[in-house]
Amino acid sequence: MGNGQKAQHKRERAKNDAKKGPTSQLKANEAAKNVVCQVCRNTFLCTVRKKALEEHADNKHNKKLEDCFPGFVETAGNDVQLEEKLIQPDSNVDIYEQKFRELGNYEILYLPLLEHSLVNINELINILKNADNKYRGVITTSQRAVEGLKMGWEQAFFSCGEMKDVLDKWKKLPYFVVGKSTAKAIRELDVNPLGDESGNSESLANYIIKHFNSSSQEEGNSKQLELLFLVGDKRKDDLPNKLVESGFILQELLIYETKPNSLFSNELDKLLNLEKKIDWIVFFSPSGVDISLELLKNKLFEENDIKIASIGKTTSNHLEKIKKTNVNVTSPKPDAESLAKSIHGYNH
């Protein structure tokens, strides 16, 4: 049977299966979630076994399963019927599921591409405890950076009761972020996030420059401004280059590291065994593209009419300029609502 016949055969089976209706959306949501260690914030696939988590808790932290993974319940795996199907690596599944469901009959399958681990927390704690710091703002462009900040924040300010003045000083600073999800996460520290509508790092840099130039107190003194920039190991140069060129002083602190998810290929094979038609693949970062694109092309593109979306210009540029891959939709903002509306508008 030729490739065209195979593809048609799969589409016909997918159409027949779709008539049976989707399985429980609650199961789909639960199956899609990552398992996260509450001590070191390492992530594990939803299919991870209890024994592996027990070994992690014991070997890494000398703790019990319930200390590192409170509420963990071992499950048999995914039980998801998919119709208009999107693969979304490294996303907040619940909110994306909600926004797509509001627009139509979409189903999302979440395949995590990356594993993250927090680093240099002790160095961050020392920075936070320093009452003589000269920082005029903090930059956290991702939720992972906010996770690191939260861990350092809790250990710096809530392990003792003598740091209130220092804590108040940090709370008064502006915290520059990209995206609503990052802004929402950092608000839990009772601080003021700015720039969440910027959409990407370069736009955030422009926002920061404008923010300080519009302040009468700082007008003409941008060369005196020092900002703390919490970064991951895959960070791009756009934001720091633009700020340094404008006279800002940036202290970068590596706060998390990213590595490929070793089980991604196996999880993709499980998806393909469902023999359902894939309509869209959504990429959330250039590193996610680097890890998964060739594998996805080899296993999916040949027999499926795949459309590609990305969460922002940086990822789209990486796909088109570096990987020479066409992008059908670029979400103008890095949030679920914008992505859902963009894909839905393309489909209709």
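## A six-stranded sheet and a serine

In this predicted model, six strands form an open, mixed sheet, running in the order β5-β10-β9-β6-β7-β8. Its edges are β5 (114-118) and β8 (192-194), each of which pairs on one side only. Ignoring direction, neighbouring strands are turned by 30° against each other on average. Below, we look at one strand pair, a helix that packs on the sheet, and S287 over in helix α13.

**Strand pairing**
- Strands of a sheet are held in pairs by backbone hydrogen bonds, and the pairing can be parallel or antiparallel.
- For β9 (residues 226-232) and β10 (residues 249-260), the pairing is parallel and takes in seven bridges.
- To pick out a single bridge, V231 partners with L254 in β10.

**The helix on the sheet**
- Helix α6, covering residues 121-129, packs on the sheet.
- The strands that α6 touches are β5, β6 (135-140), β9 and β10.
- Compare directions and you get about 155° between α6 and β10.

**S287**
- You'll find S287 in helix α13, which spans residues 286-299.
- Is S287 buried or exposed? S287 counts as buried because its relative accessible area is 15%, and the cut-off for buried is under 20%.
- The side chain of S287 makes a polar contact of 3.1 Å with the side chain of S285.
- Setting aside neighbours within four places in sequence, S287 is in contact with L114 and K234.
- As for L114, the edge strand β5 covers 114-118.

Terms used: Residues numbered from 1 in each chain as written. Predicted model: local features only at pLDDT ≥ 70, side-chain atom pairs only at ≥ 80, totals over all residues. Heavy atoms only, no water. Helix = DSSP H or I, 4+ residues; strand = E, 2+ residues; numbered from the N terminus. Buried < 20%, exposed > 50% of the residue type's maximum accessible area, 1.4 Å probe, protein only. Polar contact = N/O pair within 3.5 Å; in protein donor to acceptor, adjacent residues only side chain to side chain. Contact = heavy atoms within 4.5 Å. Pairing = 2+ DSSP bridges. Axes fitted to C-alpha atoms, helices over the stretch in contact; angles between N-to-C directions.
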